[in-house]
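User: I have a model open and would like to go through it. Can we start with the overall picture?

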Amino acid sequence: MSNEAVFQAPAAAGTHHDAHGDHHGEHHHHETFITKYVFSQDHKMIAKQFLITGMVWAVLGGLMSVLFRLQIGYPDANFPWLQDLLGKWWAEGGKITPQAYYALVTTHGTVLVFFVLTAGLSGTFANFLIPLQVGARDMASPFMNMLSYWFFFTASVVMLSSIFVENGPFSGGWTAYPPLSALGDASPGSKTGMDLWLISMALFVVSSLLGGLNYIATVLNMRTKGMSMTRLPLTIWALFFTAVLGVLSFPVLFSGFILLIFDRNFGTSFYLSDIFVNGVGALPNEGGSAILYQHLFWFLGHPEVYIILLPAMGMVSEILSVNSRKPIFGYMAMIGSLFAIAILAFLVWAHHMFVTGLNPFLGSIFVLLTLLIAVPSAIKVFNWITTLWRGNIRFTPAMLFAIGFVSLFISGGLTGIWLGNSALDIHLHDTYFVIAHFHIVMGVASMFGMFAGIYHWFPKMYGRYLNNNLGYIHFWITIAGAYMIFWPMHYEGLAGMPRRYYDYSVWESFKQFADLNRFISTVAMIVFSVQILFLVNFFYSIFKGRKVTTQNPWGANTLEWTTPIHPGHGNWVGEIPEVYRWAYDYGKDGKEFIPQTKPIGDDESHH
Amino acid sequence: MTEEKRIHPHKFTLWVAMGSIVMMFAGLTSAYIVKKNQSSWLEFELPKIFWYSTLVILLSSVTIHLAGKSFKAREMGRYRNLITITAALGVLFIIFQVFGFLNLEGRNIALTGAKSNSAASFLLVITGLHMLHVLGGVIAILVIFVKAYAGSVKQYSSMPIDLVSTYWHFVDILWIYLFIFYNWIG
């Protein structure tokens with residue numbers, strides 16, 4: 001019995017949309033602009049909605065970082081046009097104000113972590129690739145999938161609106177630690193801005209859960225005939241583990257938020273105790289524990305890092321193999337290491353809390369578990385490099401970004417071994433060393449995975465190619481720039497330069513870094529402008545890019561390249577193809593590639 | 001797994017969703033334990049009415065189970081009665097829980113506000129969230145009830161009632177866990 005038969009069986013609910021090959025034409029005549037582009041239930045359109053919304057947020061979040069880097073790099077300069085542009089609250093007299101600075105770093109963090117690298121990355125590629133690569137007409141529940149996007153959209157609108165309220169957006173850091181986040185009197189950003197931040201994040205959690213449930217159900221239940229779990233492309237394995245992490249960790253964050261909402265609005269004392277607020281006096285709250293919030297937050301917060309990173313890992317594995325014209329090295333080890341990372345992700349959260357007064361013995365257990373992550377990570381790096389080894393490499397922009405991902409993952413991952421040690425963390429905690437570490441290994445690396453995915457699957461998304469030369473310029477300036485921005489931060493952090501300070505020029509110890517800070521800020525602006533170049537390439541190519549003329553432009557084995565160049569809702573015309581082999585038969589028996597849909601021949605060698 | 005026994009994707013999605021809900025309550029009850037082991041934790045007796053609400057929700061699990069059976073036997077009158085009773089018991093459960101909160105307030109154990117202790121606040125938040133999940137179940141029952149009789153096309157699929165029934169048993173078991181947790185573990 002096929003998937004479609006499951007839906008058609010008498011026991012099945014009758015509400016499922018009709019997406020079967022034979023009825024196609026009829027189904028599509030009734031599509032309006034609204035059902036096709038706005039409230040679409042087609043996973044491919046929803047993926048594009050996630051991608052473009054994520055891009056809008058990436059531009060806003062990136063612009064925020066440029067603004068606060070302006071303050072760090074040029075603390076003495078005045079840019080009167082900034083006040084004309086942003087208003088007095090943000091840039092009085094042409095200088096980013098302290099409250100604006102904290103609002104900017106907070107919103108930059110929240111937006112990049114959740115809206116760009118969670119929704120924009122796994123929202124886009126899980127939606128786009130899961131049905132196409134497992135051989136399904138759509139997600140298990142296309143309606144829930146649509147809801148997932150619109151919850152994200154609503155969360156986006158609420159977050160955006162917080163930028164325009166009187167006291168500004170939340171400004172207590174993206175982790176929203178109480179008591180700062182729990183007390184409206186504690187800072188301007190903790191008033192309306194924080195309410196909107198919480199509403200937005202709650203909506204975002206709902207969006208993630210609806211999406212994640214669907215991804216898991218689709219991968220496990222909707223695979224086409226012959227597509228056993230061990231024949232799945234690694235993209236799907238990675239997106240599957242990502243969804244599992246999200247479904248198990250976001251509810252815990254949600255419970256942390258609920259307690260925070262009660263502390264904020266109903267006077268409870270979950271997180272609050274013995275607090276004196278300047279101008280208000282002593283608060284009556286007794287017996288709460290601010291550390292409790294940190295436990296709940298980081299129980300999501302650490303898996304969140306892998307929610308961001310795993311999709312990039314999966315796509316990079318696929319792209320490296322396709323463009324090396326070689327099977328992925330150690331397929332099972334790749335799955336095993338993803339599994340190990342997913343398990344360990346839940347067991348290391350307290351390494352964010354070494355300096356909170358955590359019991360040192362408990363800390364040493366978390367050190368051990370944290371350092372264990374180096375093992376699966378090293379397996380993955382080894383396998384990526386051995387996939388490249390003696391490959392017949394095609395340096396497409398997607399391939400360059402995939403190789404760039406591996407480079408960034410190594411250099412950012414190594415500093416993780418430093419930070420995972422509780423003793424070193426006493427010195428490095430809350431310094432620029434941490435900023436450098438997580439931006440390289442999680443931020444930039446995942447961005448590279450996302451870029452690789454966009455360049456690679458753009459032909460499938462829009463039936464056209466992105467411009468290659470612009471892609472090369474984009475890649476080389478971005479990778480050089482990313483290292484020039486974040487590498488020097490390691491030195492600043494080792495010298496003890498703390499994060500989140502408004503002005504370093506007034507500190508004798510950090511005056512020496514004035515030139516370095518200016519250098520970083522300048523490079524940040526250049527890298528940001530190159531991303532605009534990418535966006536131009538993206539939107540220009542949607543309409544005017546070179547047309548795709550063959551079904552399988554990269555010579556890849558996976559199922560998405562067996563669909564028509566412009567697949568309709570339902571993906572395949574007629575029957576869904578059957579699968580006979582794994583996704584990585586490249587360069588086998590003298591053939592360059594053998595698609596998954598080709599039956600095993602009698603004379604074929606075993607792999 | 002043979003192809004015929006393949007689980008329906010919606011049913012599977014529900015199971016994953018229940019796993020997700022479990023994680024939320026696991027997070028909250030873990031926080032409860034952490035907090036209990038710190039200073040100034042108020043010990044108080046649970047409202048007696050929680051025993052009755054436990055009885056009510058157990059009974060509702062029986063009625064929804066019988067409702068599913070009658071649906072499959074096409075005894076639609078019986079099905080209609082049983083599912084109405086189930087929804088009513090769900091509402092009764094919620095009312096009993098609210099009485100429980102009022103009982104605490106009546107004993108001067110503040111659930112919210114400046115004088116509240118987080119022991120009582122935890123009870124409100126966790127029980128309240130569970131109540132919302134029961135309310136969701138009641139709404140789901142109303143939806144399948146209306147759907148089964150509103151349209152001109154008769155519904156013969158037992159999938160909707162199966163889904164709601166599974167969820168209903170789940171919130172029942174969740175409450176039993178919370179009840180045991182409040183009384184003997186936490």
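**Chain A and its partner**

Analyst: Chain A has 18 helices and four strands (DSSP runs numbered from the N terminus: helices are H or I with at least four residues, strands E with at least two). This is a predicted model, where local features need pLDDT of at least 70, side-chain atom pairs count only at pLDDT 80 or more, and totals for chains, interfaces and linings use all residues. Residues are numbered from 1 along each chain as its sequence is written, while chains are lettered from A and ligands numbered from 1 in the order in which they are written.

User: How much of chain A is buried?

Analyst: Of its 607 residues, 54% are buried (20 or more other C-beta atoms within 10 Å of the residue's own, with C-beta atoms placed from the backbone).

User: What box do the C-alpha atoms of chain A fill?

Analyst: Roughly 80 × 55 × 55 Å, taken along the principal axes.

User: New topic. How many residues does each chain put into the contact between chain A and chain B?

Analyst: Chain A gives 41 residues and chain B gives 37 (two residues are in contact if their C-beta atoms, placed from the backbone, lie within 7 Å).

User: Which helix of chain A gives the most to that side?

Analyst: Helix 9 of chain A, with nine residues.

User: And how do the residues on that side of chain A divide?

Analyst: Into 27 nonpolar, 13 polar and one charged (Ala, Val, Leu, Ile, Met, Phe, Trp, Tyr, Cys and Pro count as nonpolar, Asp, Glu, Lys and Arg as charged, and the others, Gly among them, as polar).

User: Back inside chain A. What share of the contacts with a separation of 6 or more is between residues 24 or more positions apart?

Analyst: In chain A, 79% of them.

Technical notes. Buried ≥ 20, exposed ≤ 12 C-beta atoms within 10 Å, placed from the backbone.
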